[in-house]
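Subject: Handing over a structure, with notes on what it contains

Dear colleague,

I am passing a structure on to you with this message, and I have added some notes for a reader who has not seen it before. Please look at the structure before you go on to the notes.

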Amino acid sequence: SSDLTRCYEVVMNVVHQLAALYTSDRNTPKIIETSGVHFQTLYEHLGELLTVLLTLDEIIETHTTIKDHWTMYKRLLKSVHHNPVKFGIQEDKLKPFEKLILKLEGQLLDGTILQGCIEQQFDSMNGGVSVSKNSTFAEEFAHNIRTIVSNVEVKL
């Protein structure tokens, strides 16, 4: 699903940009001075995007009809695989389609949409932005989560 891939890319980009702004590496020059700047709106929108991913997981999990129909569709594909001529399908085009179906199932129907997003490899492999060992960014992230939670608690 290209939409899901795009969501993952957006989260990755936002995290990388924030980690670059809030770097704890003294050898890396600061892009801008961020002391006292919290970009709370950005964190709120990031939270909204993650909420959408969680909601998709919940929709798929709670609507058994989706899973039931998906199972029936896969059975139909097995029938097509056993007799592609009957269905007017070239056998060499069936394998890539089956791989795509399995990929979609893993991305969308296993209940791991949000998990797949937050378990991405956020640290750049080629020596770019450090996320997991960036204590300044971790403190800023935690500060924004606390602020957002406090704002929600006030409304309850």
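What follows is a description of the chain as a whole, then of its largest pocket, and then of a few single residues.

Please keep in mind throughout that this is a predicted model. The chain holds six helices and zero strands, so that, DSSP runs of these two kinds being numbered from the N terminus, the pattern read along the sequence is α-α-α-α-α-α.

As for overall dimensions, the radius of gyration of the chain is 22 Å, whereas a compact globule of 156 residues would have one near 15 Å. Taken along the principal axes, the box that the C-alpha atoms fill is roughly 70 × 45 × 20 Å. Of the 156 residues in the chain, 24% are buried, and the accessible surface amounts to about 10,900 Å², with 59% of that surface belonging to carbon and sulfur atoms. When one takes the contacts between residues at least 6 apart in sequence, 74% of them join residues that are at least 24 apart.

The largest pocket contains about 280 Å³ of space. It is lined by 14 residues, and those closest to its centre are Leu-46, Gly-47, Leu-50, Phe-141 and Ile-145. The elements that contribute two or more residues to this lining are α1 (2–21), α2 (40–62) and α6 (135–155). Sorted by class, the lining of the largest pocket consists of eleven nonpolar residues and three polar ones, with no charged residues.

Two residues in the loop between α1 and α2 may be worth your attention as you look through the model. One of them is Thr-34, which lies in that loop and which counts as buried because its relative accessible area is 5%, under the 20% cut-off. Leaving aside neighbours within four places in sequence, Thr-34 is in contact with Leu-21 and Tyr-22; Tyr-22 is twelve residues away along the chain, and its C-alpha atom is separated from that of Thr-34 by 7.0 Å.

The other is Phe-39, which is also placed in the loop between α1 and α2. Although Phe-39 is not a glycine, it has a positive phi of about 45°. For background, most residues other than glycine have a negative phi. Phe-39 is partly exposed, because its relative accessible area is 31%, a value that falls between the cut-offs of 20% and 50%.

Further along the chain, Glu-105 is found in helix α4, which covers residues 91–109. Is Glu-105 buried or exposed? With a relative accessibility of 16%, Glu-105 counts as buried, since the value is under 20%. Once its neighbours within four places in sequence are set aside, the residues in contact with Glu-105 are Trp-70, Lys-74 and Asp-110.

Finally, Met-125 has its place in the loop between α5 (113–118) and α6. Met-125 is exposed, because its relative accessible area is 72%, and exposed here means over 50%. Measuring from C-alpha to C-alpha in the model, one finds Met-125 and Pro-96 to be 30 Å apart in space, while 29 residues separate them in sequence.

With kind regards

Methods. Residues are numbered from 1 along each chain as its sequence is written. This is a predicted model: local features need pLDDT of at least 70, side-chain atom pairs count only at pLDDT 80 or more; totals for chains, interfaces and linings use all residues. Side-chain values use heavy atoms; hydrogens and water are left out. On a 1 Å grid over the protein atoms alone, a cavity is a set of points where a 1.4 Å probe fits but cannot get out, and a pocket is an open set with protein on both sides within 12 Å along at least five of seven lines; lining residues have an atom within 4 Å of a point. Grid points are joined across faces, edges and corners, and a volume is the space filled by probe spheres set on the points. Helices (H or I, at least four residues) and strands (E, at least two) are DSSP runs, numbered from the N terminus. Ala, Val, Leu, Ile, Met, Phe, Trp, Tyr, Cys and Pro count as nonpolar, Asp, Glu, Lys and Arg as charged, and the others, Gly among them, as polar. The radius of gyration is taken over C-alpha atoms; the globule rule is 2.2 Å times the number of residues to the power 0.38. Buried means under 20% relative accessible area, exposed over 50%, partly exposed in between (1.4 Å probe, protein chains only). Contact means heavy atoms within 4.5 Å. Accessible areas come from the Shrake-Rupley method with a 1.4 Å probe; for residues, only the protein chains shown count as cover.
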